[in-house]
Amino acid sequence: MESRGHSNPLLSFSSFVHQHCVRLGADLTTRLDDTRRALAQAHQNLLSPKHALAATATLGANHVAKSLIGTSVYTVSNSNNEFVLISDADGAKSIGLLCFRQEDAQAFLAQVRSSSRELRNKARVVPITLDQVYMLKVEGIAFRFLPDPVQIKNALELKPANKGGFDGVPVFQSELLVVKKKNKRYCPVYFSKEDIEQELSKVSRASRAPGASQQIVVGSLEDVLKKMEMSERSSGWEDLIFIPPGKSHSQHIQEITE
């Protein structure tokens, strides 16, 4: 999955829009290996789970996908529930655009309708969950995330060294929010700085573990997923759980463990 957080793909892509029959729900068995490999060299300052234990086996795709359950992104499909793709600047390949804000997907829809008579009355904005995106088998098709620009701004404020832009979808984490429930450890990761700040405001001084950092750590979603894929069980990375925007970690954990 390709991502570029500092530019708007809607402005840089060719206006040529076309269809490619890729079912949203078809063959949810294989990851987008080619595009994620291109992200393997991204940021080195990643979220780092604590208290790593003895390693036994690497995390599987199903485990990584499960950590993403509940969070939706938005794209444009035709009346047959098929992805609408756009060409890159030189027309060399087709790209599916996944927006973290529904309003950005609506802007993409407007471009599709203005560029294709065939799709003018048939295209629509549809949600797709990140666990489905992660497991979706797509041959020869790249995806590009369009992050929330507010969160890009928040990430740059937390990492001022990246003045040229933030590469990827920002995610936020704090040691103070790590919880245990039914003998399982959860390390919540947020897509919104405002959400994690709201959660941190609920943490009392008395309940804070000695030596726990109050700092909000920022990394990229693509980087964290790659690190999870490469990590071993009992390393701490399996504790990560991504919290959908607008939800508390307690609410989300309760929903997925019921």
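**Cores, rings and loops in a predicted model**

Mentor: Take contacts (heavy atoms within 4.5 Å) between residues at least 6 apart in sequence: 79% of those in the chain join residues at least 24 apart. This is a predicted model, where local features need pLDDT of at least 70, side-chain atom pairs count only at pLDDT 80 or more, and totals for chains, interfaces and linings use all residues. Residues are numbered from 1 along each chain as its sequence is written, and side-chain values use heavy atoms, with hydrogens and water left out.

Trainee: How many helices and strands in the chain?

Mentor: Nine helices and 12 strands. Helices (H or I, at least four residues) and strands (E, at least two) are DSSP runs, numbered from the N terminus.

Trainee: And what percentage of the residues is buried?

Mentor: 51% of the 258 residues. Buried means under 20% relative accessible area, exposed over 50%, partly exposed in between, with a 1.4 Å probe and protein chains only.

Trainee: Core next. How many residues in the largest nonpolar one?

Mentor: It has 30 residues. A nonpolar core is a set of buried Ala, Val, Leu, Ile, Met, Phe, Trp, Tyr and Cys residues joined through side-chain atoms within 4.5 Å. Phe 145, Leu 221, Met 228 and Phe 242 have the most contacts inside it.

Trainee: Which elements give two or more residues to this core?

Mentor: Helices α3 (61–67), α5 (130–135) and α8 (221–230), plus strands β4 (82–87), β7 (142–146), β10 (184–190) and β12 (240–243). There is also a second, separate core of 16 residues, including Ala 155, Leu 177, Ile 216 and Ile 243.

Trainee: Switching to rings. How many aromatic pairs in the whole structure?

Mentor: Four. Rings of Phe, Tyr and Trp (its six-membered ring) pair if their centres lie within 6.5 Å; planes under 30 degrees apart are stacked, over 60 edge-to-face, the rest tilted. In one pair, the Phe 83 and Phe 143 ring centres are 5.4 Å apart and the planes sit at 70 degrees, so it is edge-to-face.

Trainee: Which strands do Phe 83 and Phe 143 lie in?

Mentor: Phe 83 is in β4 and Phe 143 in β7, so the pair ties together parts 60 residues apart in sequence. Phe 83 is buried at 1% relative accessible area, and Phe 143 is buried at 3%.

Trainee: Which residues form the aromatic cluster?

Mentor: Phe 100, Phe 145, Phe 191 and Phe 242.

Trainee: Where is Thr 71?

Mentor: In the loop between α3 and β3 (72–77). Thr 71 counts as buried, at 1% relative accessibility. Leaving out residues up to four places away in sequence, Thr 71 touches several residues, among them Phe 191, Phe 242 and Pro 245.

Trainee: Asn 81: what is its phi?

Mentor: Positive, about 65 degrees, although Asn 81 is not a glycine. Most residues other than glycine have a negative phi. Asn 81 is in the loop between β3 and β4 and is partly exposed, with 31% relative accessible area.

Trainee: Last one, helix α9. Which of its residues are buried?

Mentor: In α9 (residues 249–257), His 249, His 252 and Ile 253. They cover an arc of only 100 degrees around the axis (taken from the directions from the helix axis to the C-beta atoms), which puts them on the same side of α9.

Trainee: What do the buried residues of α9 pack against?

Mentor: Against β9 (179–181), β10, α7 (193–200) and β12.
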